[in-house]
Amino acid sequence: PRKTLPRPDRAPRSSPAPARMFFDDKPKVNLRGKSSSSDRQLLLARAQRERDERQRQRALLRAALLLQSAARAHMALARAREAIRSEFDAAVDASLAQRVEPGVGGSLAAGFASLVRQLLFFHAAPLDDGRRTWLLGALVEALAAEAAAAPSSGLLRASLTPSLTASLVALCLQRLAAAAAGSAGSAAS
């Protein structure tokens, strides 16, 4: 066997006892951090508060979007009503300028039906009371003229569908009821 000589640059080896290698007396350090049931409860409570806050923020966002869409719809409807009101006024002005009934260039019945639909769409009291009064007067005159000229034709009456007529009557009755309530209130004073 070969004999090995100790190296001068190394110190002699001393091997520790094998049992001490795994059971040293050094303090153990837990790298997870301190964990206790109270810390866990605090963490769960904070997570719940954060979830609640996110849910509240989502609800606020939904409410804001709903308000914005309602405001945009209201403005769009107001613009559409104003445009239809302008069309109505132009048709009325054209019929007054030519001293003919509505529907010039088309049938009399179609002209009145179109004007009634327009009035029902944009009517707002008291702004459109004059328009309503004019249309009802012109409609009564046209119906009387149609009945005198050709009692059996009834084209104008037929063009005003039952639902259109019912809507127009309901509008007039609302205004009459409001006027009657106003006059009864002033008579009582």
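This report describes the helices, nonpolar core, surface and charged contacts of a predicted model.

## Overall make-up

The protein has six helices and zero strands. Read from the N terminus, its elements follow the order α-α-α-α-α-α. Of its 189 residues, 16% count as buried.

Contacts between residues at least 6 apart in sequence were also examined, and 66% of them join residues at least 24 apart. The protein exposes about 14,800 Å², and 62% of this is supplied by carbon and sulfur atoms.

## Nonpolar core

The largest nonpolar core consists of 16 residues. Those with the most contacts inside this core are F88, F112, V116, L119, L135 and L160. Four elements give two or more residues to the core: α2 (37-98), α3 (108-122), α4 (129-149) and α6 (162-188). Helix α3 provides the largest share, six residues.

V116 shows how parts of the chain that are separated in sequence meet. With its neighbours within four places in sequence left aside, V116 is in contact with L135, L160, L164 and L168.

## Nonpolar surface patch

V169, L173 and L176 make a nonpolar surface patch of about 290 Å². V169 lies in helix α6, an element that also gives two or more residues to the largest nonpolar core. The relative accessible area of V169 is 43%, so this residue is partly exposed: the class lies between the buried limit of 20% and the exposed limit of 50%.

## The loop between α3 and α4

H123 is found in the loop between α3 and α4. Its relative accessible area is 16%, and H123 counts as buried because that value is under 20%. The side chain of H123 makes a polar contact with the side chain of R132, at 3.2 Å.

Leaving aside neighbours within four places in sequence, H123 is in contact with D128, D129, R132, L171 and R175. Among these partners, R132 also takes part in a salt bridge with D129, where the side chains meet at 2.8 Å, N to O. D129 and R132 are three residues apart in helix α4, so about one helical turn separates them. Both D129 and R132 are buried.

## Salt bridges

The whole structure contains seven salt bridges. One of them joins the side chains of R131 and D89, at 2.8 Å from N to O. This pair links distant parts of the chain, with R131 in helix α4 and D89 in helix α2, 42 residues apart. D89 has 24% relative accessibility and is therefore partly exposed, as this value lies above the 20% limit for buried residues and below the 50% limit for exposed ones.

R131 also forms a salt bridge with D128, in which the closest N and O atoms are 2.7 Å apart. D128 has 0% relative accessibility and counts as buried. D128 is also one of the residues in contact with H123.

These pairs belong to a wider arrangement: E82, R85, D89, D128 and R131 are linked in a network of salt bridges.

Technical notes: Residues are numbered from 1 along each chain as its sequence is written. This is a predicted model: local features need pLDDT of at least 70, side-chain atom pairs count only at pLDDT 80 or more; totals for chains, interfaces and linings use all residues. Side-chain values use heavy atoms; hydrogens and water are left out. A nonpolar core is a set of buried Ala, Val, Leu, Ile, Met, Phe, Trp, Tyr and Cys residues joined through side-chain atoms within 4.5 Å. Buried means under 20% relative accessible area, exposed over 50%, partly exposed in between (1.4 Å probe, protein chains only). Contact means heavy atoms within 4.5 Å. Patches are made of residues with over 30% relative accessible area and no salt bridge: like charges are joined within 9 Å, nonpolar side chains (Val, Leu, Ile, Met, Phe, Trp, Tyr) within 5 Å. Accessible areas come from the Shrake-Rupley method with a 1.4 Å probe; for residues, only the protein chains shown count as cover. A salt bridge is a side-chain nitrogen of Lys or Arg within 4 Å of a carboxyl oxygen of Asp or Glu. A polar contact is a pair of N or O atoms within 3.5 Å; within protein, one must be able to donate a hydrogen and the other to accept it, and residues adjacent in sequence count only if both atoms are side-chain atoms.
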